[in-house]
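Thank you all for coming; I would like to take a few minutes to walk you through a structure that is new to most of us. Please have a look at it on the screen first, and then we will go through it together.

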Amino acid sequence: MLRIAIQKSGRLSEKSNALLKECGIQVENGNKKLKAQARNFPLEVMYLRDDDIPQYVADGVVDVGILGENGILEKEKAVEVIQPLGFAKCRLSLAVSKEVNYTGIQYFEGRKIATSYPKILKRHLDKLGVNAEVEEISGSVEIAPSIGLADGVFDIVSTGSTLMTNGLKEVETLMRSQAVMIATPNLSEERQLILEKLLFRIKAVKSADQNKYILLNAPNSAVEEICNILPGMKSPTILPLAREGWSSIHSVVKEDEFWEVIDNLQGYGAEGILVVPIEKMII
Ligand code: ATP
Ligand code: MG
């Protein structure tokens, strides 16, 4: 049995649960219990506050956990990051009142910054050679400047709208973060095997998210060029169309190369291009 810790409720919980589900793992947690066992996979899920997950994983109370990279860097525990998960993407930034005439990081010299991430902030300030006072507060950091608690804040930003509503502007991004899976350093062989199975499924789900299945019709004269720009997993599938001189080409294309590929395909006379999501992809 592998024990995994995920956030009980918050920004990470929905996507963490969804990931397990997409991996085909059924966990029933009707009454929001602290612990639940998967029905069809040797996995026990513990629902915790994200702040506690690094400690639990480092102590081996749970084997693996899902949380934001920022949470791990703040706690400085002995855990291993084993897999980026691509959700809960955010940045950790310094912000000041929008009235401030900000000219550079030296603005913070001798000033006070409120944050829930004092360790990450101090490390960055040291590296940047800035001496600032770091005021640790556990929530609602963004109101600190308006109530006179601090000159600036260091906090999580995704769209920047929270900062804006509080009269703040983002002035420096110090790090970027996403959800990752962490593991305890000394996993037993039995649990290591279960973890490998889980990671195999996670990778299949993630690859599927990053790729699309593409189908198109093309004149036979263009098939070779099109195959060159659509390499697929091994090579594209080519099927003859009922109409003489035309073929249907099927392949897989990376999400981030997608629009460029489409432009090129049209240039070669491709028609009837269909793009379909992939549910799982085993490479
Ligand atoms: P808990 O009650 O478990 O301690 P929390 O209030 O500390 O929760 P959340 O706000 O749920 O934490 O955020 C958890 C993690 O999600 C953060 O550490 C960060 O990695 C990520 N995160 C937070 N806010 C955002 C956002 N707006 N966009 C994307 N990711 C975010
Ligand atoms: Mg927390």
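How far is an oxygen atom of ligand 1 from an N or O atom in the side chain of Arg-49? In this predicted model, that separation comes out at 2.8 Å, and the side chain of Gln-7 likewise has an N or O atom 2.8 Å from an oxygen atom of ligand 1. For Asp-50, the corresponding side-chain distance to an oxygen atom of ligand 1 is 2.7 Å. Taken on its own, ligand 1 would expose 640 Å², and of that area the protein buries 77%.

Let me turn to the surroundings, where 15 residues lie around ligand 1, with Gln-7, Arg-11, Asp-50, Asp-51 and Asn-70 coming nearest. Sorted by class, this shell is made up of 5 nonpolar, 5 polar and 5 charged residues, and the space that ligand 1 takes up is the largest pocket.

Finally, the overall layout: the protein is divided into domain 1 (2-87 + 179-208), domain 2 (90-177) and domain 3 (211-277). Ligand 1 lies between domain 1 and domain 2, because both of them give residues to the shell around it. As for domain 3, its C-alpha centre lies 48 Å from the C-alpha centre of domain 2.

Notes. Residues numbered from 1 in each chain as written. Chains lettered and ligands numbered in written order. Predicted model: local features only at pLDDT ≥ 70, side-chain atom pairs only at ≥ 80, totals over all residues. Heavy atoms only, no water. Near = heavy atom within 4 Å. Polar contact = N/O pair within 3.5 Å; in protein donor to acceptor, adjacent residues only side chain to side chain. Areas by Shrake-Rupley, 256 points an atom, 1.4 Å probe, with all protein chains shown as cover. 1 Å grid on protein atoms, 1.4 Å probe; cavity = no way out; pocket = protein on both sides within 12 Å on 5 of 7 lines; lining within 4 Å. Sits in = over half its atoms within 2 Å of the grid points. Nonpolar A, V, L, I, M, F, W, Y, C, P; charged D, E, K, R; others polar. Domains from an automatic or database assignment.
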